[in-house]
Amino acid sequence: MLRTKALVGAVSFAVALAVPWWSVATDTSSAPATSAAGTAAVGDGGTTHDDSSSASTGGDATATQHHDWKSMDREMAKRDKSFPAKTAGKGAQLIKPEILKDGTKRFTLTAKPVKWEVEPGKVVDAMSYNGMVPGPTIRVDVGDKVEVVLKNQLPESTVIHWHGIPIDNAMDGVADITQDPVVPGGTFTYKIKAERQSVGWYHSHHNGTEQVTNGLWGAFLIGNVPLPDNTKVAQEIPVELQDSGVIGLTLNGKSFPATEPVRVRRGDSVLVHYFNAGTMAHPMHLHGLDQLVVAKDGFPLKNPYKADTVLVAPGERYSVLVNANRPGTWAFHCHIFPHSEGKTGMFGMFTEMIVS
Ligand SMILES: [Cu+2]
C-alpha cells in the first residue's frame, strides 16, 4: 500500500515539474483595456443585473411568473456556461529574481495604476504590482537572502508590509510606524532573510482600505509546507480572496465566469493555499472532495483535519491538501451565496475543480 502511494506520488511529482501552475511573470502594465461601457450591464458581479422585470411585476405577479422563471433560467445558463471566460491579464504569476553577486535574490515590485479586467467587459481602475492583480507570487527557499525593490509609480505614497514573514522591525513596512511612506516617484529596498518556511503574503500598509482592496497585495512563499506521508503534489495553487474595493468579489483577481478552473488528473493531489486579502471572512467550500487542512498561516498542523468548508478570515492563510479521487466537475466557491450565486447565475467567488 505504502509503495503504491509512493509510486503515485513520484508520478505526480514529475507532472508537477513539467506543468507548474505559476508561470513566469511578465509585466502586463499595458494589458489592453476593453470597453468599460460593459461594466454597467454586469453591475457588481451580476447581483443587480436586470432587476427591472421583477421590480415592475412586484409581488402579485403570478400571471407572469411562468415567463419569469424561463427567462431567469435562460439568463443563468448563458452566464454559467460561459465559464471559463477569457479576460485580459492574469494575476499571481511567479516572478523571477535577479541573482546578485552574493547570491541575494532581488525582486522588483513596481506599484502602478492598471486597467484590470475583473470579468468580461468589467474593467476597473486598479492599483497593481507589475501590472497584475494579485501581485506577482514571490517564492524563495529557506535561508535565502532576499531584496525587494519597491518602485512607486502611483499618484500617492505607499509601502509594503510582509505579512507572516519573520523580519527586522525596520523592514516591516508600516507607514509612519517603521518607515516614512515611499512617495510618488520614490523607491525603497526591503531586505529580508528567509529564516523559516512560511506561507506569507505582502500588501500595502498605507491607505490600506483603498490600496489593498484595489489590488496591492500578493503571495510570498518560503520553502515548502511539510505534508503528511510526504505526499507529492501535482499542483500547488494560490486562491487569493478579495471582496471589496474596485476588485470586488474575486478569486485570484477575477470573478466568475473569468475565474480559472483547477484542472486535475484523477488521483493526483493538489495543495491549495487560501489567502484572504479582503475585509470579510469567506467559507471556502469544495464539492465532492475532502479538504485536509495541513497548515494555518503557514504553520504546519501537528494534527491535520478534514473539512468540506474552510472559513478564511481577513489576513489568514489556510493550506489544504485535496486528493482528486472522484472524477467530475466539482463546484468550488465561497459558501456565502451573496458572494457567489444569484438570480443571474454564478458570479464572484466561484470556480470549478475539474477532475478527469
Ligand atoms: Cu465570501
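Ala 277 is buried in this predicted model. Its burial follows from the count of neighbours: 28 other C-beta atoms lie within 10 Å, and a residue counts as buried because 20 or more lie within that distance. Ala 277 sits in a loop. That loop runs between strands β13 (269-276) and β14 (282-286).

The contacts of Ala 277 reach to other parts of the sequence. Leaving aside residues up to four places away in sequence, Ala 277 touches His 203, Val 212, Trp 217, Glu 240, Leu 241 and Gln 242. Ser 244 is 33 residues from Ala 277 along the chain. The C-alpha atoms of these two residues are separated by 9.3 Å.

Strand β13, which comes before the loop of Ala 277, belongs to an open sheet of six strands. The strand order is β11-β10-β13-β18-β15-β16, and the pairing is mixed. Strands β11 (250-251) and β16 (299-307) form the edges, each pairing on one side only. At one of these edges, β16 pairs with β15 (residues 291-296). The two strands are antiparallel and share five bridges. Val 293 stands opposite Tyr 305 of β16.

The protein chain as a whole has 22 strands and five helices. It comprises 356 residues, of which 40% count as buried; Ala 277 is one of the buried residues. Among contacts with a separation of 6 or more, 77% join residues 24 or more positions apart.

Definitions and conventions
Residues are numbered from 1 along each chain as its sequence is written. This is a predicted model: local features need pLDDT of at least 70, side-chain atom pairs count only at pLDDT 80 or more; totals for chains, interfaces and linings use all residues. Two strands pair if DSSP finds at least two bridges between them. Helices (H or I, at least four residues) and strands (E, at least two) are DSSP runs, numbered from the N terminus. A residue is buried if 20 or more other C-beta atoms lie within 10 Å of its own, exposed if 12 or fewer, and partly exposed in between; C-beta atoms are placed from the backbone. Two residues are in contact if their C-beta atoms, placed from the backbone, lie within 7 Å.
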